[in-house]
Each structure stands twice: as structure tokens, then as C-alpha cells.
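Could you walk me through this structure in my viewer, one selection at a time? I am a first-year student, so please tell me what to click and what I should find there.

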Amino acid sequence: MIEDTKNLGLTFLGTGTSLGVPMIGCDCAVCVSTDPRNRRRRSSVYVAAGATRLVIDTSPDFREQALTYGLRQVDAVLFTHAHADHILGLDDIRRFNTLQSAVIPVYAVPEVMVEVRRVFAYIGRPALPGLYRPQIDFRPVVAPFRVGEVEVTALPVEHGAEYTVGFLMAWRDRRIGYFPDCHRMPEATVRALHGVQLMVLDTLRYRPHPTHLCVAESVNLLQRIGAPQSYLIHLCHELEQAKLESELPPGIGVAYDGLIAST
Ligand SMILES: [Zn+2]
Ligand SMILES: [Zn+2]
Ligand SMILES: [Zn+2]
């Protein structure tokens, strides 16, 4: 867990695609690898700045991620989009309701919020004795917003039919972009990301894919954004950590679960 309060920092809670790595029932070289960096839970990140702590996406692995990295504080949850691998862990926010004696805000753009609320329709129903439901304040995002000390801007990307955003986060003079699922990035989003010190971006595999960036596309896009340090996430089992890292240009790395990066 991040203890550094002088920087804007990320802990990668998960860096895998929707199926995770290893994949159930696969014996390929990556899925049976003994390098722990090739074990990837579903993509999510824990953000720390000053006294503020937030989570972007609650993956189906959220409970295990919170235990592994010792999370004790979640001031808010931000959702990039409503695909199952990014939202299905939300129920486990209950422990943070209890630990913090607080309702926790969930931020998403309206198109995403509709789907999140449909999937979690039981949240917000009247309390009944013996039921332990998440205590959530759903906050649709229509403009830049603040979570504690962090200024957040949702920026749209193309990711198949599902409405999807990434987040630009600013704290003091530090700026980070986090874009886990993306196939094409509109020029306005690319322009808004110019000047970030740290950029995190989707890369699924080497071959092109209809809803995700592939390695060559991600590298090209990251070079256009121009952050001094960038990391790739949302990898499938076709990508091996050490091999991929050796193929990338300077300044672009491959994130792995538990990696801490800050600016
Ligand atoms: Zn995903
Ligand atoms: Zn495999
Ligand atoms: Zn997705």
C-alpha cells in the first residue's frame, strides 16, 4: 500500500484482461509461468495523493486485491465503464462503509451510471434487518470533479459499443492519465492528455482487436501523448512480461500487479 504522501501515486491492483491471467484451463507458457508478474488480476488501480485515496474500477477480484495490498481507506470509487471485469467487485465496498462509518461516493458518467445501477439494482433498496448492503452515493459526472485533494476529469474513448471513459487526475502540479479499456482515442482526449507525467493505457495483445488497442497501436498512441513515463495494462495471456518489456521503447513499461508508480 502507498504510504508516500508527497506524490500522486498509483498502486496497480490488477493489470489483466477480463479473463485474468492465468486463464482457467490454459496451459500456455504465460499461464504456467513462475514469474509472479505474469499473474494478473482484473484491471484496477488505487490512487493516493496527500490524504486522499480512491479506487478506479472494482474488479471481480476487488476483495483479494484489497487484502493483498492492505487497503484501509476508499474515499471514492470511479468507474471507467460498466463491463463486468470493471464493476463486479462493488459489493465488497461494504467493508469500507463499516471501517470508515461512511457512505462512499461512486462517480461515473451518466451513460455508465445507468448500467451500473441496473446491475446493482439492490443497492439503495430499503434496509431490512439482517441484510448488509453497500452504502453508496451515486454521483453522475458531467464536469470535472474533486475527490478530496484530487481533481478528476473523465475523457471519452472508443471501446466497442459500451460508453467508456478514462480519467485524467491532477494533484498540485502532478498529472496522471488512466485509460484501461480503449480501442481508439479521440483527438480531443489525446490533446487533453498532453503534459501528463504518467500515462497508463490498454494493450490487449500483439494482434489487432475490435475493441482494444494492440501493442503497436498502444506504443504509437503513447508516443503521441508524450508522457515521460507510461505503463501498459489490461494484458491477455499472449503477452509475457519480460519479453514484452524488452521490446518496448524507453519510457514505456509493462505494469504488473502490485507495481507502485508515482509522479
Ligand atoms: Zn476490461
Ligand atoms: Zn494461457
Ligand atoms: Zn471493457
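Start by selecting arginine 205 and proline 208: a polar atom of the arginine side chain lies 2.7 Å from the backbone oxygen of proline 208. Keep in mind as you go that this is a predicted model.

Now colour the surroundings of arginine 205. This residue belongs to the loop that runs between strand E11 (198–202) and helix H6 (215–225). Leaving aside residues up to four places away in sequence, its contacts are Leu213, Cys214, Val215, Cys236, Glu238 and Leu239. Does arginine 205 count as buried or exposed? It is buried, and yet it has no salt bridge. Select glutamate 238 to see the nearest side chain of opposite charge, 4.6 Å away. A salt bridge needs a side-chain nitrogen of Lys or Arg within 4 Å of a carboxyl oxygen of Asp or Glu, so this pair does not qualify.

Next, click on the zinc ion called ligand 2. Which protein atoms hold this zinc ion (ligand 2) as donors? They are the SG atoms of Cys26, Cys28 and Cys31, together with ND1 of His237, at 2.0 to 2.3 Å. Try displaying the angles among these 4 donor atoms: they run from 104 to 114°, and the site is tetrahedral. For comparison, the ideal angle for four tetrahedral donors is 109.5 degrees. Along the chain, the donors of ligand 2 follow the spacing C-x1-C-x2-C-x205-H. Two of these cysteines are worth a click: cysteine 26 counts as buried because its relative accessibility is 19%, and cysteine 31 is buried too, at 8%.

Move on to the zinc ion called ligand 3. Show the side chains of His81 (NE2), His83 (ND1), His159 (NE2) and Asp181 (OD), which coordinate it at 2.1 to 2.4 Å. Here the angles among the 4 donor atoms span 89 to 170°, and the site is irregular. The donor residues of ligand 3 are spaced H-x1-H-x75-H-x21-D in sequence. Histidine 83 sits in the loop between strand E4 (76–78) and helix H2 (84–87), while histidine 159 sits in the loop between strand E8 (150–157) and strand E9 (164–171), so the pair ties together parts 76 residues apart in sequence. Switch on a surface to compare the two: histidine 83 is partly exposed, at 24% relative accessible area, whereas histidine 159 is buried, at 2%.

For the last stop, select aspartate 181. Which two zinc ions does aspartate 181 bridge? They are ligand 3 and ligand 1, which lie 3.5 Å apart.

Technical notes: Residues numbered from 1 in each chain as written. Chains lettered and ligands numbered in written order. Predicted model: local features only at pLDDT ≥ 70, side-chain atom pairs only at ≥ 80, totals over all residues. Heavy atoms only, no water. Helix = DSSP H or I, 4+ residues; strand = E, 2+ residues; numbered from the N terminus. Buried < 20%, exposed > 50% of the residue type's maximum accessible area, 1.4 Å probe, protein only. Lys, Arg positive; Asp, Glu negative; His and termini not counted. Polar contact = N/O pair within 3.5 Å; in protein donor to acceptor, adjacent residues only side chain to side chain. Contact = heavy atoms within 4.5 Å. Donors = N, O, S within 2.8 Å, 3.2 Å for Na, K, Ca; no water. Tetrahedral: all angles 85-135°; square planar, octahedral: opposite > 155°, others 65-115°.
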